[in-house]
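Trainee: Could you walk me through this protein, starting with one residue and working outward? I'd like to see the reasoning behind each answer.

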Amino acid sequence: MKLPASALAPFVDLSKLGYKDTSELPPLEEPIGQARAVEALEFGLRMQSPGFNVYVAGPIGSGKWSMAKDMVKRLARLAPPAPDLCYVNNFQDPSKPRCLSFPAAQGRAFKEAMTGLIEGLRRDLPKIFEGTTYLEARARIYEETEAKKKALFRNLTDLTEARGFGFEETPVGFNLVPTREGQPISEEAMAKLSERERQDMAEKRKTLDSEIREFHVRVHALDHEAEQRVREMDREVVKNALIGRFETFRRAYGGKAAVLDYLDRVHEDILNTFKDFLRQEAPSLPIPVPGLVGGRPPDLTRYSVNLIVEHEAEGGAPVVDESHPTYANLVGKIERKAHMGVVFTDFTEIKAGAILQASGGYLILSALDLLRQPFAWDALKRAIKTREVKIEDPGEFFGFSTTGLRPQPAPVDVKVIMVGPPIVYHLLQAYEEDFQKIFKVKADFDVDVERDERQDRLYGRLVAKLCRDEGLPHFSAEAVAELIREGARMAERYDRLSLRLSLLSDVVREAAFWAARAGRTVASRGDVETAVAKKRHRADLPEQWVQDEIEEGTLMVDLAGTVVGQVNGLSVHLLGDYAFGRPCRITARTSVGTKGVLDIQREAELAGHIHSKGVLTLAGYLAGKFAGAHPFALTATLTFEQTYSEVEGDSAAVAELAAILSSLADVPVRQSLAITGSVNQLGAIQPIGGVNEKIEGFFASCARRGLTGDQGVIIPARNAKHLGLRRNVVQAVEAGRFSIYAVHTVEEALELLTGLPAGARRSDGQYPEGTLFGKVARRLAEMAEIVTEWGEKQEN
């Protein structure tokens, strides 16, 4: 059946669009044709049970990422805000910092309050300890101690004098010397003493030495007592300075056991190390040391609060779109500082990753980007399963301990939305055993939607939104109609529209560019056609090379006349995002034999599996159609001429079958026609892909040599709904210079190619004379007879 021009491209009724240009339309605020995906997203985002994270699957350009992000942001605005997270020092084990959680916006308040506390103590404690009251109390303690020490010394002095001894000051202290009448005994007098007097004096000295030792013990005890009294007084002074401040803290955070415990540790540490808050003389060092500049106290970083996650009180739940999901960007990291060639770190260098930033909200990731990063997938999986994040250095995975810190795991409650192609989803389902446990919801984005008046109007609203958002000139109704036709072509169905909206949006932007360049305030249909043509022109250089070689005869393709056993097939070349069709010469030679149909591509290992299946299928068709009372004595060779790479697909099966039948019947085939289509064993022609590109490729070859009106393409009738041909092809058909034929069966195609009726088998099992099948059957019978006679001769 010859198709009319009206059936070759989608038709858009401008009167039903209902507007002059898109400035009259409200912007699009609803998704186009993704009801299944929207329902799945709504369910997955609202479902609070563990493991109901969402994998958003869909092809490139389907708008899955932007739609998922828009839905997440809409729900996040209505959700409660997420908690703030802080890391603080662990005074019992500084290598294991503690994690504290606060309601939204209170983490900053706690950090500032702690900073104010420490700054206040830095300011007030030195004043207290340098004040008159404290100094007088401290002096009294030492004065009392000195008085007691003097009393002890007087008692000791009286005892030594009563026993005939006195104290003599020496460079190393005091020494006992014997006295008489208050004066030291000279050496001459000592020499005159009797032995008994000397022994008596030695006994007294020994007793006094014991008393002196006891005196030193008591003096040391008095010093220790004084120091202890001073320490206790200092502690009470500091405690009195802290009591009001910490009572305020305890009342503010009374319901948080972890915060109260931390405050108790801070309180105790300040009591024990309060001297760090007092003014100290800076040591004289050749190189400055942090914390000892200008007589300031040592570094008090241990009281800092590292606020790693902060949220606004009224900001809703967080939404984090992590574009570079490395392990560190997901989990977090522990940074380092260098000083004097030494690298060190502490809890203030802990940084949160995207998982913690999104805790209490939503984390959006690219599946491909995530899976490309070492350790990232395992880290995400672990965080989802354990509901906590443990910040570690990746070097530890290889046995290198570099940080010295083991931060307490931070609690996490996050909804993960992973966006990627469907193949990744299926691979993870097949090979990652935990995937189906932690990603229980699949939001599958469709590639097209059934076309109706509502969808046509939504296309217009999409253009209106894009024009308003990006400041583009608005589009006329005719321009929108051309975009609808382009959307139908992208969907490869005249009754459906493509949902690859990012690709369509690019067409809108390019058309707006050409309109603005021409000085038009409203984009026209011509601007859309220019945008499509220019985009194609930027990518069609390989196609032009092929067409040039066909035109000059390097690639041999006949576009006129008739040839036996030669048919113009059609193939499609896919180069990234650009596909084009071209005619290919398919030839067949038949001879007497028993090898059946031989595919030269297959024998040369240049045929794909589907192509080989197609050849075997047509062999089955031949056998069923013509094998009868005699052997099927046939050897036929098939090939794609001038192809030097693998041939795949079964869309040339009808062309190959026609070439074999033409060779058998010795009936020429019209070279002005090209044909595409798959065939089953019963002779029904099956639909194929790339029908528009194939027709346009043959049309381009014919147009270069000149359209004669006899040229055309035969396609499967079931492909008629896939037609969305370019305007130049449609116009050529309207003018009668080119034709498109749709066929249901092999017989219809053969009649167009050969000009002979195919023929139907009569009741006697024979085909009528003068038909194509009659000629084929007669030739096969002759070949069978030759084989039979040859076999008999061999037996004799």
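**From one arginine to the overall shape**

Mentor: Sure, and keep in mind that this is a predicted model. Arginine 98 touches Cys86, Tyr87, Val88, Asn89, Asn90, Ala258, Asp261, Tyr262, Arg265 and Gln408, leaving aside residues up to four places away in sequence.

Trainee: Is arginine 98 buried or exposed?

Mentor: Arginine 98 belongs to strand E3, which covers residues 98-102. Its relative accessibility is 15%, and the cut-off for burial is under 20%. So arginine 98 counts as buried.

Trainee: Which side chain makes a polar contact with the side chain of arginine 98?

Mentor: Don't mix it up with a backbone partner: the backbone oxygen of alanine 258 lies 3.5 Å from a polar atom of the arginine 98 side chain. The side-chain partner sits at 2.9 Å, and it's aspartate 261.

Trainee: Moving on to the sheet, which strands are at the edges of the five-stranded one?

Mentor: That sheet is open, with parallel pairing and the order E8-E13-E16-E1-E17. An edge strand pairs on one side only. Here, those are strand E8 (319-322) and strand E17 (441-444).

Trainee: Which residue of E16 does alanine 57 stand opposite?

Mentor: Look at strand E1 (residues 54-57) and strand E16 (residues 415-420), which pair in the parallel sense over four bridges. Opposite alanine 57 in E16 you'll find glycine 420.

Trainee: And at what angle to E1 does helix H13 run?

Mentor: Two helices have something to do with this sheet. Helix H2 (residues 35-46) packs on it, touching E1, strand E13 (362-366), E16 and E17. Helix H13 (residues 422-431) lies across E1, E16 and E17, and its angle to E1 is about 140°.

Trainee: How many charged residues are in the contact of H16 with H18?

Mentor: Helix H16 (residues 477-491) and helix H18 (residues 525-539) pack at about 35°, with axes 7 Å apart. The contact residues include Glu478, Glu482, Arg485 and Glu486 of H16, plus Arg525 and Glu529 of H18. By class, there are four nonpolar residues, no polar ones, and the charged count is six.

Trainee: Last one: why is the protein said to be more spread out than a compact globule, and what is its radius of gyration?

Mentor: The protein has 26 helices and 32 strands. For 796 residues the globule rule gives 28 Å, and the protein's value is well over that, so it is more spread out than a compact globule. Its C-alpha atoms fill a box of roughly 170 × 80 × 50 Å along the principal axes. The radius of gyration is 48 Å.

Terms used:
Residues numbered from 1 in each chain as written. Predicted model: local features only at pLDDT ≥ 70, side-chain atom pairs only at ≥ 80, totals over all residues. Heavy atoms only, no water. Buried < 20%, exposed > 50% of the residue type's maximum accessible area, 1.4 Å probe, protein only. Polar contact = N/O pair within 3.5 Å; in protein donor to acceptor, adjacent residues only side chain to side chain. Contact = heavy atoms within 4.5 Å. Axes fitted to C-alpha atoms, helices over the stretch in contact; angles between N-to-C directions. Nonpolar A, V, L, I, M, F, W, Y, C, P; charged D, E, K, R; others polar. Pairing = 2+ DSSP bridges. Rg over C-alpha atoms; globule rule 2.2 N^0.38 Å.
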